[in-house]
Amino acid sequence: MNMTRPSMPLNEDLRVFLTVVRKQNFARAAVELGVSPAYISKRMNILESSLNVRLFHRTTRSIVLTEEGEKARLWAQRILNDLDDFISDVTQARREPQGTLRIVCSFGFGRHHVAPAVSQLAKRYPKLAIQVVTSDRATDLIAEGFDLEIRVGSDLPNQYLARKLMSNARVLCASKEYLEQRGVPQSLDDLASHDCLALRERDTPFGSWRLVRQNDEREYIARIDGRISSNSGAMVLRWGLDGHGIFLRSMWDVKHYFDEGRLVQVLPEYSQPADIWAVYPRRLSDSAKLKVCVEFLGNYFSAL
């Protein structure tokens, strides 16, 4: 690196840089942006030269941020967010928001509910570019460049802000075939002698379910055991439908199986609170596009 005074980087180079960081590879970043890997390499060389720092440790297969690169990532995200908000404010985008909005949500809820919500959001605000990523792992919104997470459950991270979008509960379910073979549990203690299908989601403890009883504010701990588990709610649901055991799923995900008679609700007086939340790393008043999005989603989900 030469030691000349750093020059002001281009906003487009910052956007390319953040895409490279997110994809951890020049070629994958090129595919997302619709350009050639050579263009990506050229822009990153220009950015490093303008800042007089090395941003990446490069290998043949991936890139790793240097200490200076990590600082650059944080500032690039902040600069581009501020630029989007600046454009939004001066163009009265509280009524017509602009810029890119990155949303992350779980696979199941994303497919069934976030997808149609975003479809309506995109029709309402055609100048808003929306990227939705589905993931069932814990997400660092700031580090991964997300504006918003739509989260199911009460395990809300303390470092972020949140707004409740919709009330929801997980209920105990099993197939008729399973209950005919193993019997219907009459109490929470009975669950210990049944095959239970555990969802190993985020940092939730394994081996127990935390439940509440109807008209009772106390929390009850149900000890469970079972041969198969997964971090995928879709897999757990599939195994439950196939008669492998008792499981917890959100009512929105299983109601039609109850209606069809494929599943039966077990111990219906018990449930697990699993409300739907919008989780975001900064105040809504600091971002016009985020404010409009969260308010839209709040109205959308409250009407379901």
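Biologist: How far apart do the C-alpha centres of domain 2 and domain 3 lie?

Modeller: In this predicted model, the C-alpha centres of domain 2 and domain 3 are 28 Å apart. Domain bounds come from an automatic or database domain assignment. Here domain 1 covers 11–74, domain 2 covers 96–167 + 276–303, and domain 3 covers 169–272. Residues are numbered from 1 along each chain as its sequence is written. The model is predicted, with local features needing pLDDT of at least 70, side-chain atom pairs counting only at pLDDT 80 or more, and totals for chains, interfaces and linings using all residues, while side-chain values use heavy atoms and leave out hydrogens and water.

Biologist: How many residues does the contact take from domain 2 and from domain 3?

Modeller: Contact means heavy atoms within 4.5 Å. Domain 2 supplies 13 residues and domain 3 supplies six residues.

Biologist: What area is buried between domain 2 and domain 3?

Modeller: Buried area is the accessible area (1.4 Å probe) that two parts lose on being put together, summed over both. Between domain 2 and domain 3 this is about 890 Å², with carbon and sulfur atoms giving 49%. On the side of domain 2, D136, V152 and D155 lose the most area to domain 3, together 41% of what that side buries.

Biologist: How many salt bridges are there between domain 2 and domain 3?

Modeller: Side chains of opposite charge can pair when their charged atoms come close. A salt bridge requires a side-chain nitrogen of Lys or Arg within 4 Å of a carboxyl oxygen of Asp or Glu. The count between domain 2 and domain 3 is zero, although the structure holds 13 salt bridges.

Biologist: Which parts does the salt bridge of D275 and K164 tie together?

Modeller: Helices (H or I, at least four residues) and strands (E, at least two) are DSSP runs, numbered from the N terminus. D275 lies in the loop between β14 (270–273) and β15 (276–280) and K164 in strand β6 (residues 161–166), so the pair links parts 111 residues apart in sequence. Their closest N and O atoms are 3.4 Å apart.

Biologist: Is D275 buried or exposed?

Modeller: Buried means under 20% relative accessible area, exposed over 50%, and partly exposed in between (1.4 Å probe, protein chains only). D275 is buried, at 18%, whereas K164 is partly exposed, at 41%.

Biologist: Where do E295 and K291 lie?

Modeller: Both lie in helix α9 (residues 288–302), four residues apart, about one turn of the helix. Their side chains meet in a salt bridge (2.7 Å, N to O).
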